[in-house]
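Colleague: Hey, got a minute? I'd like to walk through this structure with you, and I'm new at this.

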Amino acid sequence: DLGLCIEMSYKPRKMPLLTAAQQNQGWDTVTGVEVLLTQAPDQFLLWMRLELPREIMEVTVVLIESRLL
């Protein structure tokens with residue numbers, strides 16, 4: 001493997017660097033939405049002391065994106 005390309009932007013979802021990494025073999029990629037969905041529940045727990053189910057977040061992100069497109 002060549003490495004890992006992590007995109008921190010989630011709008012737009014794909015910036016040129018992430019697109020290039022996805023088009024070249026050997027690069028693992030992570031989108032900004034994947035980063036958000038991975039870190040947000042832990043961050044929410046630290047700040048609010050409440051569990052935030054990932055499934056609810058995923059559905060919410062999909063619904064919001066479908067309205068914005």
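Colleague: Let's start with a pair. Why are Glu58 and Arg54 separated by about one helical turn?

Modeller: Because the two sit 4 residues apart in helix α3, Glu58 and Arg54 end up about one helical turn from each other. Keep in mind as we go that this is a predicted model.

Colleague: Noted. What does Glu58 form with Arg54?

Modeller: A salt bridge, and the closest N and O atoms in it are 2.7 Å apart. In general, side chains of opposite charge can pair when their charged atoms come close.

Colleague: How many salt bridges does the structure hold?

Modeller: Just 1 salt bridge.

Colleague: And is Glu58 buried or exposed?

Modeller: In between. Glu58 has a relative accessible area of 33%, so it counts as partly exposed. Arg54 is partly exposed too, at 34%.

Colleague: Does anything else line up with Arg54? How far apart in space are Gln39 and Arg54?

Modeller: They're 10.0 Å apart, C-alpha to C-alpha, with their positions 15 residues apart in sequence. Gln39 belongs to helix α2, and at 33% relative accessibility it counts as partly exposed.

Colleague: Okay, zooming out. How many helices and strands are in the chain?

Modeller: There are 3 helices and 2 strands. Starting at the N terminus, the order is β-α-β-α-α.

Colleague: How does the radius of gyration look next to a compact globule of 69 residues?

Modeller: The chain comes out at 14 Å, while a compact globule with that many residues would be near 11 Å. If you box up the C-alpha atoms along the principal axes, you get roughly 40 × 30 × 15 Å.

Colleague: And what share of the residues is buried?

Modeller: Buried residues are 19% of the 69 in the chain. The chain exposes about 5,600 Å², and carbon and sulfur atoms supply 62% of that.

Colleague: So which residues make up the largest nonpolar core?

Modeller: That core has 5 residues: Val33, Leu37, Ala40, Met57 and Val61. Helices α2 (32-48) and α3 (54-68) are the elements that each put in two or more of them, and α2 gives the most, with 3. As a general point, nonpolar side chains in soluble globular proteins tend to be buried together.

Colleague: Let me pick one of those. What does Val61 touch?

Modeller: Setting aside residues up to four places away in sequence, Val61 touches Arg13, Val33 and Leu37.

Colleague: Wait, an arginine? Where is Arg13 found?

Modeller: Arg13 is in the loop between β1 (3-6) and α1 (16-23). With a relative accessible area of 34%, Arg13 is partly exposed.

Colleague: What else is Arg13 in contact with?

Modeller: Leaving out neighbours within four places in sequence, Arg13 contacts Glu7, Leu18, Val33, Val61 and Glu65. Also, the C-alpha atoms of Arg13 and Val30 are separated by 10 Å, though the two residues are 17 apart along the chain.

Colleague: Switching loops: what about the one between β2 and α2? Is Thr31 there buried or exposed?

Modeller: Thr31, which is in the loop between β2 (27-30) and α2, counts as buried because its relative accessibility is 15%, and the cut-off for buried is under 20%.

Colleague: Which residues is Thr31 in contact with?

Modeller: Glu7 and Leu18, once you leave aside neighbours within four places in sequence. Those two residues are also among the contacts of Arg13.

Colleague: Last topic, the surface. Which residues make the nonpolar patch?

Modeller: Leu46, Trp47, Met48 and Leu50 make a nonpolar surface patch of about 530 Å². Trp47 lies in helix α2, and its relative accessible area is 69%, so Trp47 is exposed.

Colleague: That list skips Arg49. What's its phi like?

Modeller: Arg49 has a positive phi of about 60 degrees, although it isn't a glycine. Arg49 lies in the loop between α2 and α3, and at 73% relative accessibility it counts as exposed.

Colleague: One more. What percentage of contacts between residues at least 6 apart join residues at least 24 apart?

Modeller: In this chain, 42% of them do.

Colleague: Great, thanks for the tour!

Methods:
Residues numbered from 1 in each chain as written. Predicted model: local features only at pLDDT ≥ 70, side-chain atom pairs only at ≥ 80, totals over all residues. Heavy atoms only, no water. Core = buried A, V, L, I, M, F, W, Y, C linked by side-chain atoms within 4.5 Å. Buried < 20%, exposed > 50% of the residue type's maximum accessible area, 1.4 Å probe, protein only. Contact = heavy atoms within 4.5 Å. Patch = residues over 30% accessible without salt bridge, like charges linked within 9 Å, V, L, I, M, F, W, Y side chains within 5 Å. Areas by Shrake-Rupley, 256 points an atom, 1.4 Å probe, with all protein chains shown as cover. Salt bridge = Lys/Arg side-chain N within 4 Å of Asp/Glu carboxyl O. Rg over C-alpha atoms; globule rule 2.2 N^0.38 Å.
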